[in-house]
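Biologist: Please take a close look at one part of this predicted model, the sheet, and then carry on to one helix. I would like to follow how the pieces are arranged.

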Amino acid sequence: MILFRFGGDPGAADLFRFIEEKLGVGTWHSDVLSGQMHGSRGFYELLGLVPGTVAPSYDEIARSIHPEDRRLNRGTKDVLRAMLLDGLPLNREFRIIRPNGQLRWVHSQAELLLNADGEPARILGVVIDITDYRESLRQLRAGAERYNTLIRVVEGLVWTAGPDGRITSQQNWEAARQDGRLLISGNDWMDLLHEEDRDAALKKWSLSVETGRPYKVEYRLLHSDATYRWHRCRAIPIPNLDGNVQEWLGVSTDVHNEKLFDLSASPSRLTGAQMRAARGILNWSVRQLADQTGVSPAVVRRLEECDGALPMSDGLMEVFLKTFSDAGIELLFPQVGKPGVRPR
């Protein structure tokens, strides 16, 4: 414990007043033997009282406390008993109602001070207006609750990543693992990507991390039943005050059924790889295929070099499809996976 003494530079009173006014602070002290309490100007103003109009007391403070918070605060005798017997400082937060009806949050601290002989002499207290802090805290909690609720509503796997692209948190992933839908642990999600999708997904992710552009990709993830399911993954960067990426927020949604049963999918289009494979199965030369379809060998070669769907008219497409079908070739256009070719 410390010994409290008054006195010093007269200018200290102005400094003390300045601190009370700017920080929303009020101080009080009470004599242990007489129980008489004295409050500073800031103490009166914090309670919404005019200095000198009301004698400060424990009972006066108690009357200012919000009814819902009074049961959490001890009475005068209990306060003195706790401090004298336990020797413990008091540290509490509660609401007060000013005479004009204004509600404020305050933080109250009090400590027992000893005289030179080590005997209880005075209780010193400070009350700080923390209304702005409590309002900020309320908004933060409300925002966090909205975020947590959104995560529960979203039927997907939610994750965050640092500026370097490394996963920092995952939500809903554990629930997905426990109910048997997904097998995942830590940051091992990369190993769960289908080998045909892994390179493209990681390259796009690296590009997004490098450029700060939103990330969107579809890939297959390995589930606990040893099957792969299609997921659509989106992520957006969250900037800091400097405009740099602070973190990434992403969600991976199961779209497997959509991929399998999307009736609005565009018509199947023959690819260059299918054309080469079909010609190989038939053991046809480029000229033989050209003769069967009525196009020049140069066109056939150019089409076979194309990646993806061939850039040709629907009429010419039908010619190639019919030619391969009549020759006993079945062309496969699955909703999931790459187009294929097989003998019928």
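The open sheet

Modeller: In this predicted model, five strands (DSSP runs of E, at least two residues, numbered from the N terminus) make up an open sheet in the order E2-E1-E5-E4-E3, with antiparallel pairing, where two strands pair if DSSP finds at least two bridges between them. Strand E2 (37–39) and strand E3 (90–97) are at the edges, and each has a single partner strand, so one side of each is left without a neighbour in the sheet. From one strand to the next, the twist averages 25 degrees. E3 and strand E4 (residues 103–114) are joined in the antiparallel sense by eight bridges, and Arg92 stands opposite Ser108 in E4. Helix H1 (residues 11–23) packs on the sheet and touches strand E1 (25–31) and strand E5 (120–129), contact being heavy atoms within 4.5 Å; the direction of H1 makes about 120 degrees with that of E1.

As for the helix, Asp197, Ala201, Trp205 and Ser208 of H8 (residues 195–211) are buried, which means under 20% relative accessible area, whereas exposed means over 50%. These buried residues cover an arc of only 60 degrees around the axis, which puts them on the same side of H8. On the face turned away from that buried side, H8 carries the exposed residues Glu195, Asp199, Lys203 and Glu210. Among the elements that cover the buried residues of H8 are strand E6 (156–161), strand E8 (215–222), strand E9 (228–239) and strand E10 (245–254). After H8 comes Gly212, whose phi is positive, near 80 degrees.

Key
Residues are numbered from 1 along each chain as its sequence is written. This is a predicted model: local features need pLDDT of at least 70, side-chain atom pairs count only at pLDDT 80 or more; totals for chains, interfaces and linings use all residues. Side-chain values use heavy atoms; hydrogens and water are left out. Helices (H or I, at least four residues) and strands (E, at least two) are DSSP runs, numbered from the N terminus. Axes are lines fitted to C-alpha atoms, for helices over the stretch in contact, and angles run from 0 to 180 degrees between N-to-C directions. The expected span of a helix is 1.5 Å times one less than its number of residues. Buried means under 20% relative accessible area, exposed over 50%, partly exposed in between (1.4 Å probe, protein chains only). The arc is that of the directions from the helix axis to the C-beta atoms.
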